[in-house]
Amino acid sequence: MGLAASLLPAWAAAQSDPAPKLTRTVVLSGLQNPWGIAFTADGVMLFTEKCRGLSARLADGRTVRLFGTSGSAVVAPDLFCQGQSGVHGIAVDPDFAKGKRDIYVFMASRLHTPATNRVVRLTLNADATTVSNRIDIIEDIAYKNAANGAGAAGAHSGGQVHFGPDGFLYVSSGDNHDATLPQDLKRLGGKVLRVNRDGKAAPGNNTPAGGDPRIFTYGHRNVQGITFRPAGQPGAGQPFAAEHGPNHSDEVTALVAGGNAGWDPQKRPGLRCPDDYCGYAGDPTTMPMTDTQRFPQAMRPSWIYNGSGRGMSTALFLAGEQWKGWNGRMLVSMMRGQRIAVLQLDARGMAVGDATVDLPATRTRALVQGPGGDLYTANDDGEIWRVVPN
Ligand SMILES: [Ca+2]
C-alpha cells in the first residue's frame, strides 16, 4: 500500500483499488418480467415475476413455482397484474438460518375493493417446493386503481421489501400519480415504511405527529431501490433509497427516520397539471424532486442524475474484498440508459464519482448479492445473471 492510500480512512482505502473484472453467466432465461431476487441461507434463489408470482430455483437447478397464478404450488386468487404492478419485491427473514423460514412478498391484491398493494408473509417448506401460513402483514399500501391524466392504472407502486441490519423490514411505495399522496401522512404511498415481522410499526420511526407510525420517510415519488450502507463505513447501516425522477432528477437519498424526501406534485401555480397532478409538468426548478422551498428540512439527495438515459430503479451497496475497488460502492440501475452505475460516496454519503459497470446493455430490475457475495441481476429481457468478480 502506498503512502497516499495509507492516509485514507480504512473504509475508503479499498476504493483506491482497481475495478474488478467481471464474469457473467446467464442463470435463467425466458422469464416474464422478473422483478425481485432473494437468497435463503441454504442456497435457494427465490425470484418473482411480475405477472406470475414467486418461484424458487433449487440447488439442483430445478425451478419450482411456489406462489402466484395458476400453476403455482399455492395459488393466490387475489393477485393481479396491471401496468407496472403485480408481484414485486421478495425478502427472506434474517433468522432463516435459525429455522425461521418466513419470506415476504410485495404484491397487488384484489382482496380489498378498490385494490391495494400488500406485503404477504409466507413460510417456505423444508425442501423449498411450497409455501404455507399466508399472513398479510400490510394490507393497505396505496394502489393506482384507475388511469388519469398522468398515466395508466397500476403506475408507481414502489414495491421493494428489504430487511435492514437493524432487523426491521423496509417497504417502499409510490405516489400512484396522486398529487396529495406523498405528503399525506395518513396513507401509505410515496413512503418508505419500517415495520416488524408482523407488519406493525417498528420503534424509532420518528413519524411526524398524527402520521401512520409505520411511516419511516415520506415525500417520495416511486422508490424502487433500498440498500444499506455496509459495515465498516461511516453511517454503516443507514438506508439509502433510489427513485425515478419525472423527466429529470433521478435521486439517491440517504434516509433518516421521520424525514421528508420533498416530493409534492400538487398545486404548482403557472404549471398545467392534468387531473391536478403536476409531477410531469415543469422542470427541476418549478417541479423539483426535492422541494426545499416548501420543505426546508427535506432530506438532500446524495446523487442527482440529470443526464441522458435515466430511469433509476434498484440499488445495492456491494460488500466484500473480492469486489476490489468496488467494495463498499453503490450500484444503481439506470433502466432507460440500460446500464448500471457505480457510485463512490464520501463519509457523509454524498456521491463523489460515478462509473459504468462493464456488462451488456439491458434494463436491470434487481441487484442482489448471493452466496459467496456474487452479484445477481434480473432484467427486462427475462434473464437472471450471476456476475462474479475476479
Ligand atoms: Ca427527493
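**Exercise 1. Find the residues that Val332 touches in this predicted model, skipping residues up to four places away in sequence.**

Start at Val332 and list its contacts. Go through the chain in order: Gly225 comes up, then Ala242 and Val252. Carry on and you reach Met312 and Ala315. Finish with Ile340, Ala341 and Leu343.

Next, put Val332 in its wider setting. Val332 belongs to the largest nonpolar core, which has 90 residues. Within that core, Val332 and Val105 touch the most other members.

Now ask which element gives this core its largest share. That's strand β8, residues 102–109, with 6 residues.

One last step: look for a core apart from this one. You'll find another of 5 residues, and Ala150, Tyr277, Cys278 and Met287 are among them.

**Exercise 2. Work out the strand order of the open sheet of 5 strands, then pick out its edges.**

Walk across the sheet: the order is β11-β12-β13-β14-β18. The pairing is mixed.

Then check the ends. β11 (161–163) and β18 (259–260) each pair on one side only, and they are the edge strands.

Zoom in on one pair. Strand β12 (residues 169–172) and strand β13 (residues 192–195) run antiparallel, with 4 bridges joining them. To line them up, use Tyr170, which stands opposite Arg194 in β13.

What holds such pairs together? Strands of a sheet pair through backbone hydrogen bonds, either parallel or antiparallel.

**Exercise 3. Locate the cis peptide bond at Pro114 and say which loop Pro114 sits in.**

Look at the bond joining Thr113 and Pro114: omega is about -5°, and the peptide bond is cis. Then place Pro114 on the chain, and you land in the loop between β8 and β9 (116–124).

**Exercise 4. Take Ala128 and Lys324, and decide for each one: buried or exposed, or partly exposed?**

Begin with the backbone. Phi of Ala128 is near 60°, a positive value in a residue other than glycine. Lys324 also has a positive phi, near 50°, and isn't glycine either.

Now find their loops. Ala128 lies between β9 and β10 (131–141), while Lys324 is in the loop between β20 (312–317) and β21 (330–334).

Finally, count neighbours. The cut-off for buried is 20 or more other C-beta atoms within 10 Å. Ala128 has 22, so Ala128 is buried. Lys324 has 17 other C-beta atoms within 10 Å, so Lys324 comes out as partly exposed.

Notes: Residues are numbered from 1 along each chain as its sequence is written. This is a predicted model: local features need pLDDT of at least 70, side-chain atom pairs count only at pLDDT 80 or more; totals for chains, interfaces and linings use all residues. Two strands pair if DSSP finds at least two bridges between them. Helices (H or I, at least four residues) and strands (E, at least two) are DSSP runs, numbered from the N terminus. A nonpolar core is a set of buried Ala, Val, Leu, Ile, Met, Phe, Trp, Tyr and Cys residues joined through C-beta atoms within 7 Å. A residue is buried if 20 or more other C-beta atoms lie within 10 Å of its own, exposed if 12 or fewer, and partly exposed in between; C-beta atoms are placed from the backbone. Two residues are in contact if their C-beta atoms, placed from the backbone, lie within 7 Å.
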